[in-house]
Amino acid sequence: MRIAKIMAAGVLMLAVLLIGCVYLAPGPTTRFFINVERMRSGLERKEVTLSDGARVVYLEGGNGEPLMLLHGFSDDKDNFVYVARGLVGSYRVIIPDINGFGESSRPEGANYGAEAQSQRMRAFAAALGLKRLHLGGSSMGGQIALLYAADHPDEVQSLWLLDAGGLRTAPPSDMDKMKVNPKKDFDAEADLAMSDPPFIPKPMMDYIGQERAKNEGMEKIIAQHLSHEPGVEERIKGLGTPSLIVWGAQDRMLNPAGAQILHRLLPRSQVIIMPNTGHLPMLEQPEKRIVSHDVVYEDFAGIGV
């Protein structure tokens, strides 16, 4: 009985300490939990400098055929940490911060359009000695992945497209009808992006929002470069790369009708629409790779065959 009381007191003290850390030191606490999740997923932080001097910071872990995952606009490499946990057993998973975001460099005067970024990510792959790989991308990352495959189809074994961007023929989304200030309305934008977001304590959410606001100027430049590019439709029409198209049924940032547009353009594609899911399936429902062989992540292992 006494041992049980001591253990209960210890648990209570740890809980109080954790809550104190969250509220008194949200920055270090957030970074601590990020590092814990990376370790749990078997991912190690690395970096490489490309021939043009651009520095790319990335996460890597696992064994098997290389699988590169590209995050979306305003996001970073840690968006894929949870789902990577189910992929490192089958793949050498590589998750870069695309230049202009996260810890990677922001070359002054560089082109940050999707076409230029696809070339930069190919240079990154070459720097790692990768001549052929599986390629996945979320939102803007999906747009970059599509252009990468269109330019170098022999180098991309398969595509995994999560609510992919770059479609100019898709109907407008809820986000197209509103303006969100990332500095003032980060919580609102997170709610817009995800139908079922993972729980993050408010002080940690505020810290994440403050960190993102520091990149606001860079994001405006990147958004301008992206807006001046044509849609990917003509570039990818008839592309024969095996492709898994995944879209959240409740995506308010990019209209889910984009899934069928991609399906018509990519002759070797299949579509999975995920119910009760918004713009970021890999954050909202990473457990699907465990509970169902019919949804997303288990299926990905076979699409390159």
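**Exercises on helix packing, a strand and a loop residue**

Helices α4 and α5 are roughly perpendicular to each other (an angle of 65 to 115 degrees). The model is predicted, with local features needing pLDDT of at least 70 and side-chain atom pairs counting only at pLDDT 80 or more, while totals for chains, interfaces and linings use all residues. Residues are numbered from 1 along each chain as its sequence is written, and side-chain values use heavy atoms, without hydrogens and water.

**Exercise 1.** Describe how α4 and α5 pack, and sort the residues of their contact.

Step 1. Helix α4 spans residues 114-127 and helix α5 residues 140-151; they pack at an angle of about 70°, with axes 8 Å apart.

Step 2. The contact (heavy atoms within 4.5 Å) includes Met121 and Arg122 of α4, and Ile144 and Leu147 of α5.

Step 3. The contact residues of α4 and α5 divide into six nonpolar, three polar and three charged.

**Exercise 2.** State why strand β4 is largely enclosed, and find its pairing with β2 and β3.

Step 1. Five of the six residues of β4 (residues 91-96) are buried, so the strand is largely enclosed by the rest of the structure. Buried means under 20% relative accessible area.

Step 2. Strand β2 (residues 55-61) pairs with β4 in the antiparallel sense over four bridges; Gly61 stands opposite Val93.

Step 3. Strand β3 (residues 65-70) pairs with β4 in the parallel sense over four bridges, and Glu65 has Tyr91 as its bridge partner. Two strands pair if DSSP finds at least two bridges between them.

**Exercise 3.** Locate Ala257.

Step 1. Ala257 lies in the loop between β7 (243-248) and α10 (258-265).

Step 2. The C-alpha atoms of Ala257 and Trp247 are separated by 9.0 Å.

Definitions and conventions. Helices (H or I, at least four residues) and strands (E, at least two) are DSSP runs, numbered from the N terminus. Buried means under 20% relative accessible area, exposed over 50%, partly exposed in between (1.4 Å probe, protein chains only). Axes are lines fitted to C-alpha atoms, for helices over the stretch in contact, and angles run from 0 to 180 degrees between N-to-C directions. Angles under 35 degrees count as roughly parallel, over 145 as roughly antiparallel, 65 to 115 as roughly perpendicular and the rest as oblique. Ala, Val, Leu, Ile, Met, Phe, Trp, Tyr, Cys and Pro count as nonpolar, Asp, Glu, Lys and Arg as charged, and the others, Gly among them, as polar.
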